[in-house]
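This report goes through selected parts of one structure, from a loop residue to sheets, a helix and a ligand shell. The sequence and the structure come first.

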Amino acid sequence: MSEARGLASAAAQQPPQMQHVRDAQEVLRLAGLRKSYNAGTALEVEVLHGIDFSLQRGELCALVGPSGSGKSTLLNLIGLLDAPSSGELFLAGQPTRTMDDVARSSLRNDGIGFVFQFHHLITAFTVLENVLMPLMIRNGRPTPAQRERAMALLQAVGLAQFADKKANAISGGQQQRVAIARALVTEPALLLADEPTGNLDTRTAGEVFELFRRFNRDFGCAVLVVTHDPRLSQRCDRTLTLVDGRIVGDERHPQPAPE
Ligand code: ADP
């Protein structure tokens, strides 16, 4: 596949730390992870009570659970956007709990891609500029190889012809596909998605989900996706169920081999 070749050649030019994160077999490991809010006050409340699981390279895993069970809290911890109260979180084997902010942001930028329910594209910018945004934040002006990778990703999500359109000139489903391309432009080892299909109709949701499956198979990134939709979680390799701040289910679903 030519777009995959373009993406692979861009990968060869990344700095060593990224290679290390991307090549790790065990992408993520949580060990006894706990999180309390309002620690040390009368309002202290523990919402995650010791979470243990790991994700391997290439796994596509759903995270399900009722509202208030702690899914967003857990995703924020895994995304290195917040720190646990105790326990440890290893990203590509690196312990992260006591990392300083600079090391934490660098590991986050290099290792993790995010897709949210509301895509948060910058509407004043073009589709291509939105995809390049994580690289521009990191390095300033994108290199030709990075532009090539961004275009290859837009091609892969079927939107190359819209590259120069303003982001608000395309449909909601197309915007979510752009957000997926943006999350993958840094070649993350781990893709985190919070209800990425939550505001899409069933058919578009299915198409967006297929992109996760395809990128997960083509590039081997681990994907953790929060979803309320059992049809989507059944199409993942695995479903983790969170209830009241505890993992109460860890089910594997064998998937048909790719065509
Ligand atoms: P979910 O994403 O599964 O709906 P959350 O992680 O948002 O669950 O919330 C888990 C629990 O933590 C809820 O009881 C919620 O009220 C509480 N919570 C979330 N954020 C905060 C916060 N910043 N301060 C205090 N409590 C919070």
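## Loop residues with positive phi

E195 lies in the loop that connects β7 and α8. The model is predicted, and in it E195 has a positive phi of about 50° although it is not a glycine. E195 counts as partly exposed because it has 18 C-beta neighbours inside 10 Å, where a buried residue would need 20 or more.

D244 is another residue that is not a glycine and has a positive phi of about 50°. The loop that holds D244 runs between β9 (238–243) and β10 (246–252). With 13 C-beta neighbours inside 10 Å, D244 is also classed as partly exposed, since the exposed class ends at 12 or fewer. The two strands β9 and β10 make a hairpin with 2 residues between them, and D244 is in the turn. They run antiparallel and are joined by 6 bridges. V243 has R246 in β10 as its bridge partner.

A further positive phi, near 75°, belongs to G220, which follows α8.

| Residue | Place | Phi |
|---|---|---|
| E195 | loop between β7 and α8 | positive, about 50° |
| D244 | loop between β9 and β10 | positive, about 50° |
| G220 | follows α8 | positive, near 75° |

## Strand β7 and its partners

How many of the residues of β7 are buried? The count is 5 of 5, so β7 is mostly covered by the criterion of 20 or more other C-beta atoms within 10 Å. L190, L192 and D194 point one way from the strand, L191 and A193 point the other way, and all are buried. In a regular strand the side chains alternate between the two faces of the sheet.

β7 runs parallel to β6 (residues 112–116), and 5 bridges join the two. In this pairing F114 stands opposite L192. β7 is also joined to β8 by 5 bridges, again in a parallel arrangement. Here D194 has V226 in β8 as its bridge partner.

## Helix α8

Helix α8 covers residues 202–219, which makes 18 residues. From its first C-alpha to its last, α8 reaches 26 Å, close to the 26 Å expected at 1.5 Å a residue.

Which residues of α8 are buried? They are A205, V208, F209, F212, F215, N216 and F219. These residues lie on the same side of α8 because they cover an arc of only 120° around the axis. An α-helix has 3.6 residues a turn, so residues three or four places apart point the same way. T202, R203 and E210 are exposed on the other side of α8.

The cover over the buried residues of α8 comes from several elements, including β3 (60–64), α7 (172–184), β7 (190–194), β8 (222–226) and α9 (230–233). β7 thus appears both in the cover of α8 and in the parallel pairings with β6 and β8.

## The antiparallel sheet

An open sheet is formed by 4 strands in the order β2-β1-β4-β5, with antiparallel pairing. Its edge strands are β2 (45–56) and β5 (94–95), each of which pairs on one side only. Within the sheet, β1 (residues 26–37) and β4 (residues 86–91) run antiparallel and are joined by 5 bridges. L28 stands opposite L91 in β4.

E26 is a residue of β1. E26 is partly exposed because 14 other C-beta atoms lie within 10 Å, a count between the limits for exposed and buried. Apart from neighbours within four places in sequence, E26 has contacts with S54, Q56 and G93. G68 is 42 residues from E26 in sequence and 28 Å from E26 in space, C-alpha to C-alpha.

## The ligand shell

What residues lie around the ligand? The shell consists of Y37, N38, V45, V47, G65, S67, G68, S69, G70, K71, S72 and T73. By type, the shell divides into 3 nonpolar, 8 polar and 1 charged. Two elements, β2 and α3 (71–78), each supply at least two residues of this shell. The largest share, 3 residues, comes from α3. The edge strand β2 of the antiparallel sheet is therefore also a contributor to the ligand shell, as strands are counted here by DSSP runs.

Technical notes: Residues are numbered from 1 along each chain as its sequence is written. This is a predicted model: local features need pLDDT of at least 70, side-chain atom pairs count only at pLDDT 80 or more; totals for chains, interfaces and linings use all residues. Two strands pair if DSSP finds at least two bridges between them. A residue is near a molecule or strand if its C-beta atom, placed from the backbone, lies within 6 Å of it. Ala, Val, Leu, Ile, Met, Phe, Trp, Tyr, Cys and Pro count as nonpolar, Asp, Glu, Lys and Arg as charged, and the others, Gly among them, as polar. The expected span of a helix is 1.5 Å times one less than its number of residues. The arc is that of the directions from the helix axis to the C-beta atoms. Two residues are in contact if their C-beta atoms, placed from the backbone, lie within 7 Å.
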